[in-house]
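Student: Could we go through this model together? I would like to see how the descriptive words follow from the values.

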Amino acid sequence: LKRDRDVVLAAVKENGTSLAYADGSLKRDRDVVLAAIAQNALAIRYADASLRSDRKVVLAAVRKGGCALQYASESLKCDRDVVLVAVTHCAFRYSDDDNENERLRKDPEVAARILVDETGFVMRSAYRACKEVARLCDGDALAFASKALRLDRGVVLAAVSENGNAIKSANECFTRDRDVVLAAVSRTGIALQYADKQLRRDRNVVLAAVAQDGAALQYAGSKVRCDLEVALTAVREDGQALFYAARPKAPEDERELKLAAVTQDGDVLTMLERTSSDREMLLAAVTQDGTALRIADARLKKDRDLVVAATAQNPAAIEYADVSLRYDPDVLAAAESARSAL
């Protein structure tokens, strides 16, 4: 069967990496290898060396997935056009539809809706997991390019525009190049960690980074983390960036920052306080995470509007309401409406 071309072709069309089990003669068969690559770019790993030196075959692989470059011949890792194709085809994809994929990359809250708990409601952990995908799962084909091409500014700019974290594979001189760093952090905020210390103190560079990913605030210079506008930008993107921000001196600024963080991520309030008597803060929290009602004080657990808001976000929040409201018609209606909206 390993020598049967029709059997192997059918197999690699279903699972490209099954090329690994094919007879050597079929690993040299261009059509078989191309079929395997079409299903999984990394199947080129199992192709004969002659095809891993074949420019057309390698181009087909890196167009499918840029990190296939690692299995190309050394001569093709020095080919600028091949490397440019590779570094611009490295982003993790939620969907084969380009428009849908970009929408999901920009909005992990939407992407998280594919990950739900047993009640059918989106888990905050799922939301954060989808953010981690966007942060960490883009490929870095630049790491497999020749040393000369990792010094090529055009190639590096193309790479970081696809995956900001690729800056870590570029020559160190680019960590001091403001335009390259800006391109990197605008695509992948946490790429700020690879920037030169001077640029991590640059307010505009940091603003670009935290606007893309609030967690990038942890890599900013200490003075920039004291900047209220920068901190607000960060927490409005990721509420948990609050834990990286410097505490504002003015009480009203501190409250504004905390409220912005809680409004983005209700979990923040439950991390900050065991019990809360702040109605405005709790209302912001339960709108994002109904179960934040659990930290409300006894008085607020009797607040009908607050409990309705919590159960409208997550019916499970009803267990944290005061007993007097658990069978309240408005509360039950909010819970039922939330369930039926699924």
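Student: What makes the crossing of α14 and α15 right-handed?

Tutor: α14 passes α15 in a right-handed crossing, because the near helix is turned clockwise from the far one by less than a right angle, whereas anticlockwise would be left-handed. This is a predicted model, where local features need pLDDT of at least 70 and side-chain atom pairs 80 or more, while totals for chains, interfaces and linings use all residues. Residues are numbered from 1 along each chain as its sequence is written, and side-chain values use heavy atoms, without hydrogens and water.

Student: Why is α14 called roughly parallel to α15?

Tutor: α14 and α15 pack at an angle of about 20°, with axes 7 Å apart. That makes them roughly parallel, because this word covers angles under 35 degrees (over 145 is roughly antiparallel, 65 to 115 roughly perpendicular, the rest oblique).

Student: How do you know that α5 and α7 are roughly parallel?

Tutor: The axes of α5 (residues 55-64) and α7 (residues 80-87) cross at roughly 20° and come within 8 Å. α5 and α7 are therefore roughly parallel to each other. Their crossing is left-handed.

Student: Why is Phe243 called partly exposed?

Tutor: Phe243 has a relative accessible area of 41%, and partly exposed lies between buried (under 20%) and exposed (over 50%), with a 1.4 Å probe and protein chains only. So Phe243 is partly exposed. Phe243 sits in the loop between α14 (228-237) and α15 (251-264).

Student: What makes Gln313 partly exposed?

Tutor: Gln313, in helix α18 (residues 304-313), has a relative accessible area of 24%, so Gln313 is partly exposed.

Note on methods:
Helices (H or I, at least four residues) and strands (E, at least two) are DSSP runs, numbered from the N terminus. Axes are lines fitted to C-alpha atoms, for helices over the stretch in contact, and angles run from 0 to 180 degrees between N-to-C directions.
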